[in-house]
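Q: Hi, I have a structure open and would like to talk it through with you. Could we begin with the ligand and then move on to other parts?

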Amino acid sequence: MYDIAIIGAGPAGATLARLIGKNYKVLLIDKRALLGGEEGSFEKCCGGLIAPDAQYMLGKLGLGVPKSVLVGPQLFVVRTIDIQNKIERFYQRHYINVDREKFDSWLVSLLPSSIEIRCGFLFKSFEKTDTGVNVKISHKGKEYVEKARFLIGADGAFSKVRRLLAPHTFPKKYIAIQEWFKVDKSLPYFSAIFDKNITDYYSWTIPKEDCLLIGTAIPVQSNARQKFELLKENLRNYGFVWKQQIKKQGCYLIRPQKVSQICLGKENILLLGEAAGWISPTSAEGLSYSFRSALALAKSLRKNPEKCFLDYTKQTKELKANIFSKKLKAPFMYNPIMRNIVMKSKILSMNMFMNLERLDCSACKEEEGEEL
Ligand SMILES: Cc1cc2nc3c(=O)[nH]c(=O)nc-3n(C[C@H](O)[C@H](O)[C@H](O)COP(=O)(O)OP(=O)(O)OC[C@H]3O[C@@H](n4cnc5c(N)ncnc54)[C@H](O)[C@@H]3O)c2cc1C
């Protein structure tokens, strides 16, 4: 019998496993091939940008990102495009640009050898027993049942653990689509595109080596494919160029709107990372929340496993407040009138001299003659 079975070896699950692995007998399950083998064919759909809050958490967790995980270019600027208001600005923001699969595999590679890691295994269901939980998993068509005292769902936005435990608590769901295209020249910025004809959230482009990643998050039940095509058309009008498509990705993304949509689990079944609802509702930045929730749960489990649900709830009060404080910022990003006022005011924006090639770039024209 295991002390703890963790479903999902993404940033949340792998971090929790690393923090408790020496104190408990841990089983870590993931359907992906995170150990470098051929065990799974899934790939996490993600922008792979480590934002400053996640950089802070990596530092706090005693980690520095290895070179093998990085992809070029490293980014210091966000190009914000508001399609309806026909306005664009550049803002300074520091990201670490990574290969998301390699990043996740690196986190798994840090786990102590005492942890049993099973990649390529699919979590199917659980059943509560007098002593804990029976966890049903499958691998290559064969089913297995493992016993554990605690079950942790760190299985992301479409968490099966949460669907079985608390199916009616999910936040608003979006379909995230990303397409990768070859480019001749990579752009030196991440761009965020706001267009109410596509989504009430936002769309993005991210340069990744010799590719441009184009992505968007569209509310479920919208015509996602048609909206994605409209996004590409808009981007072409804004001067983005790309060549052949390399790959397509898609997954769910959640956007918590109310405190009740953060679900930490129940008794000995706990939720972590995006499965619990830990993600920014304004930027979809999720890595810092995965690390922070994993650290909180690790502390609670180490303190007193019997009372860990209560302690985890207490430890994450601040994190909840942090998520909903982001909502104060939301109108400035998502209300077209307020966004227009903010962008027109040029508060915190910067001018891009790198873009001088694009002679029609308004920011460059305005800067001409100004001192450097
Ligand atoms: C399109 C998109 C772009 C994003 N870009 C960024 C970004 O640039 N920066 C950022 O900070 N955040 C970004 N996010 C959010 C970020 O990806 C997530 O918040 C973060 O990955 C959550 O980590 P997690 O460990 O909780 O879940 P996940 O990373 O989703 O990991 C869950 C793990 O569980 C496994 N799993 C799921 N179901 C099962 C099952 N039934 N059986 C076995 N294994 C299972 C999966 O294979 C996966 O490895 C983005 C999200 C999306 C959708």
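A: Gladly, and please keep in mind that this is a predicted model. A good place to start is Lys44, where a polar side-chain atom lies 3.3 Å from an oxygen atom of the ligand.

Q: OK, and which backbone atoms are close to an oxygen or a nitrogen atom of the ligand?
A: A polar backbone atom of Glu274 is 2.9 Å from an oxygen atom of the ligand, and a polar backbone atom of Gly286 is 3.0 Å from a nitrogen atom of the ligand.

Q: How much of the ligand's accessible area does the protein cover?
A: On its own the ligand has 990 Å² of accessible area, and the protein covers 94% of that.

Q: Which residues come nearest to the ligand?
A: There are 33 residues around the ligand, and of these Asp30, Arg32, Leu49, Arg100 and Phe123 come nearest. Sorted by class, the shell is made up of 16 nonpolar, 9 polar and 8 charged residues.

Q: And which helices and strands supply at least two residues of that shell?
A: Two helices do, H1 (11-20) and H6 (287-303), together with the strands S7 (122-128), S10 (172-182) and S14 (245-255).

Q: Where does the ligand lie with respect to the domains?
A: The ligand lies between domain 1 (1-44 + 104-169 + 259-328) and domain 2 (49-98 + 172-255 + 335-366), because both of them give residues to the shell around the ligand.

Q: Changing topic, how many aromatic pairs are there?
A: A search of the whole structure finds 12 aromatic pairs. In one of them, the ring centres of Phe90 and Tyr189 are 5.8 Å apart and the ring planes stand at 65 degrees, so this pair is edge-to-face.

Q: Where do Phe90 and Tyr189 lie?
A: Phe90 lies in strand S5 (residues 87-97), while Tyr189 lies in the loop between S10 and strand S11 (190-194), so the pair ties together parts that are 99 residues apart in sequence.

Q: Are those two buried or exposed?
A: Phe90 has a relative accessibility of 1% and counts as buried, and Tyr189, at 3%, counts as buried too.

Q: What about the pair Tyr201 and Tyr334, how are their rings placed?
A: The centres of the Tyr201 and Tyr334 rings are 5.8 Å apart and their planes are at 55 degrees, so that pair is tilted. Tyr201 is in the loop between S11 and strand S12 (203-208) and Tyr334 is in helix H8 (residues 317-334), so here the parts tied together are 133 residues apart in sequence.

Q: Why does Tyr334 count as buried, when its relative accessible area is 16%?
A: The cut-off for buried is under 20% relative accessible area, so Tyr334 with its 16% is buried. Tyr201 also counts as buried, at 2% relative accessibility.

Q: Which aromatic cluster do they belong to?
A: Tyr201 and Tyr334 form one aromatic cluster together with Tyr174, Phe194, Tyr202 and Trp204.

Q: Now Tyr56, is that residue buried or exposed?
A: Tyr56 is exposed, with a relative accessible area of 56%, and this residue is found in helix H2 (residues 52-60). The C-alpha atom of Tyr56 is separated by 8.1 Å from that of Ser288, although the two residues are 232 residues apart along the chain.

Q: And what does the side chain of Arg255 reach?
A: The side chain of Arg255 reaches the backbone oxygen of Pro281 at 2.8 Å. Arg255 is found in strand S14 and is buried, with a relative accessible area of 8%.

Q: Last topic, the backbone: where is there a cis peptide bond?
A: A cis peptide bond joins Gly72 and Pro73, with omega at about -10 degrees, and Pro73 lies in the loop between H2 and strand S4 (75-82). For background, most peptide bonds are trans, and most residues other than glycine have a negative phi.

Q: Which residues other than glycine have a positive phi, then?
A: Glu267 is one of them, with phi near 50 degrees, and Leu348 is another, with phi near 65 degrees. Glu267 is found in the loop between strand S15 (265-266) and strand S16 (269-271), and at 53% relative accessibility Glu267 counts as exposed. Leu348 has its place in the loop between helix H9 (336-345) and strand S17 (349-350), and Leu348 counts as exposed at 75% relative accessibility.

Methods: Residues numbered from 1 in each chain as written. Predicted model: local features only at pLDDT ≥ 70, side-chain atom pairs only at ≥ 80, totals over all residues. Heavy atoms only, no water. Near = heavy atom within 4 Å. Polar contact = N/O pair within 3.5 Å; in protein donor to acceptor, adjacent residues only side chain to side chain. Areas by Shrake-Rupley, 256 points an atom, 1.4 Å probe, with all protein chains shown as cover. Helix = DSSP H or I, 4+ residues; strand = E, 2+ residues; numbered from the N terminus. Nonpolar A, V, L, I, M, F, W, Y, C, P; charged D, E, K, R; others polar. Domains from an automatic or database assignment. Phe/Tyr/Trp six-rings, centres within 6.5 Å; stacked < 30°, edge-to-face > 60°. Buried < 20%, exposed > 50% of the residue type's maximum accessible area, 1.4 Å probe, protein only.
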